[in-house]
Protein chains: 2
Amino acid sequence: MTASAARADTRPSPRKRAGNGAARWNDADEIGLDALVGHAGYAVRRFQIWIFQDFIKTLGDVDIRPTQYSVLTVIGANPGLSQMAVAKRLGIERARLVHLIDSLEQRKLVKRIKSKQDRRSHALHLTGPGETALAKFKRLAIEHERHVEEKIGKANRERLLQILAGFT
Amino acid sequence: MTASAARADTRPSPRKRAGNGAARWNDADEIGLDALVGHAGYAVRRFQIWIFQDFIKTLGDVDIRPTQYSVLTVIGANPGLSQMAVAKRLGIERARLVHLIDSLEQRKLVKRIKSKQDRRSHALHLTGPGETALAKFKRLAIEHERHVEEKIGKANRERLLQILAGFT
DNA sequence: GGACAATTGTTGTCGTCAACAACAATCTTC
DNA sequence: GAAGATTGTTGTTGACGACAACAATTGTCC
């Protein structure tokens with residue numbers, strides 16, 4: 001009859017309210033998720049939101065967001081990369097990367113150097129201040145990673161990284 | 001060699017390029033991520049993008065996105081909920097939920113019923129077609145979940161759900 | 001050597017999504 | 001009954017992914 005019966009999924013009927021229009025149980029905790037538990041995507045989405053919010057908060061004083069951090073670390077580890085190469089490596093659209101680099105360049109953390117080999121492309125480098133700033137960002141990022149450990153446990157975090165290693 | 005190794009920050013110098021402007025190694029695979037591996041947030045973000053894209057593709061014929069699916073399942077399992085309750089349960093802003101319900105209501109999958117108890121709120125219910133449609137969506141969602149299994153392995157998926165159970 | 005295709009950076013648009021702020025209608029509380 | 005909180009709604013902002021188009025440049029093919 002109900003949709004839940006169709007799939008024979010979770011639990012014995014969603015305990016219908018007597019009056020049909022009634023919405024008396026506003027206790028947000030007792031609301032069943034039905035088929036939603038057991039969906040990896042839902043859990044991953046919620047976790048990703050939590051982890052990004054913690055990252056943004058932990059790096060709030062230096063005003064660096066996760067995507068900016070990823071761009072800086074890649075450039076820091078591989079100086080001279082083109083925008084195209086960075087975009088491909090991080091799975092970012094090159095159109096989007098333009099604005100990201102613009103922002104980081106305005107903050108004097110990154111500089112574009114016109115390549116001699118290929119005059120279409122720009123070689124990306126950290127500035128002097130950019131390198132010292134990145135070092136600080138990394139310390140804060142490690143602090144953030146400790147928060148993750150506290151949230152899901154050290155062993156679980158290790159296992160998680162292992163499971164998802166193929167996506168990096 | 002584990003992620004903990006990332007703790008030893010910037011240090012061993014990122015093998016600087018000789019010519020400064022040079023961007024010769026456009027081979028996107030050989031670009032190191034440095035501190036990025038070992039960051040749970042990065043792996044989770046990439047995985048979440050992959051999993052959502054597969055969900056959207058798998059449920060492409062019925063034109064249902066992950067957020068819509070989550071709203072439908074919660075309403076289906078808990079008929080009569082208010083928008084506020086659904087928003088709280090799913091971690092969606094109530095402002096955003098308005099448009100989601102608008103869309104689902106236009107598609108005749110959900111209906112708002114003015115509550116007698118609290119005339120501010122609307123009790124949310126699936127329509128008849130909505131229930132049969134949701135049953136189909138769930139079958140497709142299970143197919144999507146099989147794709148996840150094929151991607152990371154059955155055991156890993158189970159472990160993942162277990163690790164992130166606290167976020168549902 | 002020259003026409004044609006591909007690549008790089010850039011600009012622009014569109015749609016999704018989270019985060020706020022403000023508002024009218026309605027409930028709750030004192 | 002007045003003051004404050006809650007619910008649904010509208011609107012704005014900004015980050016983000018997906019596309020499309022374009023100029024400049026490079027690569028390819030005949």
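**A strand pair and a DNA contact surface**

A:Val110 has A:Leu126 as its bridge partner in β2(A). That pairing belongs to a ladder in this predicted model: strand β1 of chain A, residues 110–114, is joined to β2(A) by five bridges, and the two run antiparallel. How much of β2(A) is buried? Four of its five residues (the strand covers 122–126) are, so the rest of the structure largely encloses this strand.

Now for the DNA. Around DNA strand C there are 23 residues, and those that come nearest are A:Gln53, A:Met84, A:Arg112, A:Arg120 and B:Arg96. Both chains take part through their helices: α2 (40–58), α4 (83–90) and α5 (94–106) of chain A, plus α4 (94–106) of chain B, each supply at least two residues of the surface near the strand. Sorted by class, that surface holds 11 charged, seven polar and five nonpolar residues.

Which parts of DNA strand C does the protein meet? Of the strand's atoms within 4 Å of the protein, 66% belong to sugar or phosphate, with the rest coming from bases. Some arginine side chains show both kinds of meeting. On the phosphate side, an N or O atom in the side chain of B:Arg96 sits 2.2 Å from a phosphate oxygen of DNA strand C. On the base side, the side chain of A:Arg120 places an N or O atom 2.5 Å from a base oxygen, while for A:Arg94 a side-chain N or O atom lies 3.0 Å from a base nitrogen. Two of these arginines, A:Arg120 and B:Arg96, are also among the residues that come nearest to the strand.

Key:
Residues numbered from 1 in each chain as written. Chains lettered and ligands numbered in written order. Predicted model: local features only at pLDDT ≥ 70, side-chain atom pairs only at ≥ 80, totals over all residues. Heavy atoms only, no water. Near = heavy atom within 4 Å. Polar contact = N/O pair within 3.5 Å; in protein donor to acceptor, adjacent residues only side chain to side chain. Nonpolar A, V, L, I, M, F, W, Y, C, P; charged D, E, K, R; others polar. Buried < 20%, exposed > 50% of the residue type's maximum accessible area, 1.4 Å probe, protein only. Pairing = 2+ DSSP bridges.
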